[in-house]
Protein chains: 2
Amino acid sequence: MYLNFSKLEGLVPAVVQDHVTGRVLMVGFMNDEAFRYTVESGSVTFWSRSRSKLWIKGETSGHRLLVREIATDCDQDCVLVKVEAIGPGVCHEGYASCFFRRLEGEEWKKTEPRTFDPKAVYQPRP
Amino acid sequence: MYLNFSKLEGLVPAVVQDHVTGRVLMVGFMNDEAFRYTVESGSVTFWSRSRSKLWIKGETSGHRLLVREIATDCDQDCVLVKVEAIGPGVCHEGYASCFFRRLEGEEWKKTEPRTFDPKAVYQPRP
């Protein structure tokens, strides 16, 4: 299960996609440890660049991302993880997907309502 | 149309998704110039890290990616571009999507046939 971590200082981008709807939910980064932990645990785990530690997605909120399929690209320097998303949303701002802003003209516009109150489920996140 | 390019040395990951099927086709990187060129031209344009120049996707092969929608994430450090993909595939190895390998056990397995002969459409790519 080789990946090329050398192009991005030990990381690969990890695109998380809902396995049923196909919606892209978020993009994070994995180092080798996070990737292996994701495969072994079946729960999407990133490398937090801001905290410099493993970030088991949903560890605080309960909104885990259960792995259904993992693909990699031609250069093996990126992964696409199809998941079953537990809970009302993946975004720490309270949205179903982190991609809740769309470009309209030259402005980013919010295109959907929150699905949960982030204050109710999150500890402060760095 | 602010994006935060500071976390990745001037780049943001750009996830390209088919606007009809929802399939993730490829992931590239954009700097500010590539992002603006993408928005202005309507044709997905990356920053080639290997060649250190703008990479208008499909310029050589004709397999352009026409922008249908651009979204960004909560941190505004990543973009999701929904596209109409021109031609039989986006991957320089001849596949519809760059994500043609799936993890089975501990092995990456090719899961689909080529859709075109890359030698017939590509110049050598760095």
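Which residue forms a salt bridge with A:Glu104? Here are a few notes to help you find your way around this predicted model, starting with that contact.

1. The partner of A:Glu104 is A:Arg102, and the closest N and O atoms of this salt bridge lie 3.5 Å apart. Neither end is hidden away completely: A:Glu104 is partly exposed, at 36% relative accessible area, and A:Arg102 is partly exposed too, at 30%.

2. Stay with A:Arg102 for a moment, since A:Arg102 also forms a salt bridge with B:Glu69, where the closest N and O atoms are 3.7 Å apart. This contact runs between chains: A:Arg102 sits in strand 7 (residues 101-104) of chain A, while B:Glu69 belongs to strand 5 (residues 65-72) of chain B. With a relative accessible area of 25%, B:Glu69 is partly exposed.

3. Another group worth a look is a network in which salt bridges with shared partners join A:Lys7, A:Asp75, A:Asp77 and B:Arg49. Over all chains, the whole structure holds 16 salt bridges.

4. Within that group, A:Lys7 and A:Asp77 form a salt bridge whose closest N and O atoms are 2.7 Å apart. The two residues come from distant parts of the chain, 70 residues apart: A:Lys7 is in the segment before strand 1 (12-18) of chain A, and A:Asp77 is in the loop between strand 5 (65-72) and strand 6 (79-85) of chain A. Are the two ends buried or partly exposed? A:Lys7 has a relative accessible area of 39%, so A:Lys7 is partly exposed. A:Asp77 has 11% relative accessibility and therefore counts as buried, the cut-off being under 20%.

5. Now for the aromatic rings, which form 6 pairs over all chains. One of them joins A:Phe46 and A:Trp55, with ring centres 5.0 Å apart; the planes meet at 45 degrees, so the pair is tilted. Both residues are on the buried side: A:Phe46 has 0% relative accessibility, and A:Trp55 has 18%, which counts as buried because the limit is under 20%.

6. Turn to chain B and look at B:Phe46 and B:Trp55, which also form a tilted aromatic pair, at 5.1 Å from centre to centre and with 45 degrees between the planes. Here B:Phe46 is buried at a relative accessible area of 0%, and B:Trp55 is buried at 17%.

Technical notes
Residues are numbered from 1 along each chain as its sequence is written. Chains are lettered from A and ligands numbered from 1 in the order in which they are written. This is a predicted model: local features need pLDDT of at least 70, side-chain atom pairs count only at pLDDT 80 or more; totals for chains, interfaces and linings use all residues. Side-chain values use heavy atoms; hydrogens and water are left out. Rings of Phe, Tyr and Trp (its six-membered ring) pair if their centres lie within 6.5 Å; planes under 30 degrees apart count as stacked, over 60 as edge-to-face and the rest as tilted. Buried means under 20% relative accessible area, exposed over 50%, partly exposed in between (1.4 Å probe, protein chains only). A salt bridge is a side-chain nitrogen of Lys or Arg within 4 Å of a carboxyl oxygen of Asp or Glu. Helices (H or I, at least four residues) and strands (E, at least two) are DSSP runs, numbered from the N terminus.
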